[in-house]
Amino acid sequence: MPRHPKKPRRLVADGRAYLWTLRHSHRVLDSGRSADCRETLTLYPQPAGTGGPLRIVFAEGPGRYVPGGFPLGSGDVGYVRGGSLNLHEPGAVRALLDAASARGWQAGERRAVEVDGWPLLEAAAAARAGDAGPVGP
């Protein structure tokens, strides 16, 4: 049975547990088209109350893509000419968490923190590419 798409998923990183969710949002224009698409990845340190959530936001803009589905997959974000990630993949979430931590975010912060995901994307995508290892025999 497939998992419910709105149910938080669990991630353990460096001995600490997190629940994480991914949400897509946008405005709907009078024409019916969507605008200002954004993906928001939220990580909640566990157990509850041990830290505020980290929100990593990817807003569409020039040279970036944040599709809401077809023809690109839900959760895909990236640069038109550069790195990309699928935010439904736990490894991508872990790479973004590591990149945010490297830039100073601390899991024990009591308040919610929202960060722009674009400055984290290249480092996270490079880390993911390194995780893939060599291709072929």
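Here are some friendly notes on this structure, point by point, for someone meeting it for the first time.

1. **What you are looking at.** Please keep in mind that this is a predicted model. The protein chain has two helices and eight strands. Reading from the N terminus, the elements come in the order β-β-β-β-β-β-β-α-β-α. Of the 137 residues in the protein chain, 35% are buried. Sequence distance is worth a look too: among contacts between residues at least 6 apart in sequence, 52% join residues at least 24 apart.

2. **The main core.** In soluble globular proteins, nonpolar side chains tend to be buried together. Here the largest nonpolar core has 30 residues, and Leu-43 and Leu-96 are the ones with the most contacts inside it. Two or more residues each come from β1 (9–13), β2, β3 (34–46), β4, α1 and α2. Helix α1 gives the largest share of this core, seven residues.

3. **Leu-43 and its partners.** Which residues does Leu-43 touch, not counting those up to four places away in sequence? The list is Leu-11, Tyr-18, Leu-19, Trp-20, Pro-53, Leu-54, Ile-56, Val-93 and Leu-97. Two of these partners, Val-93 and Leu-97, appear among the buried residues of α1, and Tyr-18 will return in the aromatic pairs below.

4. **Helix α1.** This helix has 13 residues and reaches 18 Å from its first C-alpha to its last, close to the 18 Å expected at 1.5 Å a residue. Its buried residues include Ala-92, Val-93, Ala-95, Leu-96, Leu-97, Ala-99 and Ala-100. Just after α1, look for Gly-104, which takes a positive phi of about 110°.

5. **A tilted aromatic pair.** A search of the whole structure finds three aromatic pairs. In one of them, the ring centres of Tyr-18 and Trp-105 are 6.5 Å apart and the planes are at 45°, so the pair counts as tilted. Tyr-18 belongs to strand β2 (residues 16–28), while Trp-105 sits in the loop between α1 (90–102) and β8 (113–116), so this pair ties together parts that are 87 residues apart in sequence. Both Tyr-18 and Trp-105 are buried.

6. **An edge-to-face pair.** Phe-58 and Trp-118 have ring centres 5.1 Å apart and planes at 90°, so they form an edge-to-face pair. Distant parts of the chain are linked here: Phe-58 is in strand β4 (residues 54–59) and Trp-118 in helix α2 (residues 118–132), 60 residues apart. Buried or exposed, where does Phe-58 stand? Phe-58 is buried, with a relative accessible area of 0%, and Trp-118 also counts as buried at 2% relative accessibility. Together with Tyr-79, these two residues form one aromatic cluster.

7. **Two threonines in β3.** Thr-40 is placed in strand β3, and so is Thr-42. Why is Thr-40 called buried? Its relative accessible area is 16%, and buried means under 20%. Thr-42 is buried as well, with a relative accessible area of 6%. Leaving aside neighbours within four places in sequence, Thr-40 is in contact with Thr-21, Leu-22, Arg-23, Arg-55, Ile-56 and Val-57. On the same terms, Thr-42 is in contact with Leu-19, Trp-20, Thr-21, Pro-53, Leu-54 and Arg-55.

8. **The three-stranded sheet.** Strands β5, β6 and β7 make an open sheet in the order β5-β6-β7, with antiparallel pairing. The edge strands are β5 (64–65) and β7 (84–86), each pairing on one side only. Strand β6 (residues 76–79) is joined to β7 by three bridges. If you would like a spot to zoom in on, Gly-78 stands opposite Ser-84 in β7.

9. **Arg-110 and a run of partners.** Arg-110 lies in the loop between α1 and β8 and counts as exposed, at 63% relative accessibility. Setting aside neighbours within four places in sequence, Arg-110 is in contact with Gly-49, Thr-50, Gly-51 and Gly-52. How far apart are Arg-110 and Gly-49 in sequence and in space? They are 61 residues apart in sequence and 7.8 Å apart in space, C-alpha to C-alpha. A polar atom of the Arg-110 side chain lies 2.4 Å from the backbone oxygen of Gly-49.

Methods:
Residues numbered from 1 in each chain as written. Predicted model: local features only at pLDDT ≥ 70, side-chain atom pairs only at ≥ 80, totals over all residues. Heavy atoms only, no water. Phe/Tyr/Trp six-rings, centres within 6.5 Å; stacked < 30°, edge-to-face > 60°. Helix = DSSP H or I, 4+ residues; strand = E, 2+ residues; numbered from the N terminus. Buried < 20%, exposed > 50% of the residue type's maximum accessible area, 1.4 Å probe, protein only. Core = buried A, V, L, I, M, F, W, Y, C linked by side-chain atoms within 4.5 Å. Contact = heavy atoms within 4.5 Å. Pairing = 2+ DSSP bridges. Polar contact = N/O pair within 3.5 Å; in protein donor to acceptor, adjacent residues only side chain to side chain. Expected span 1.5 Å × (residues − 1).
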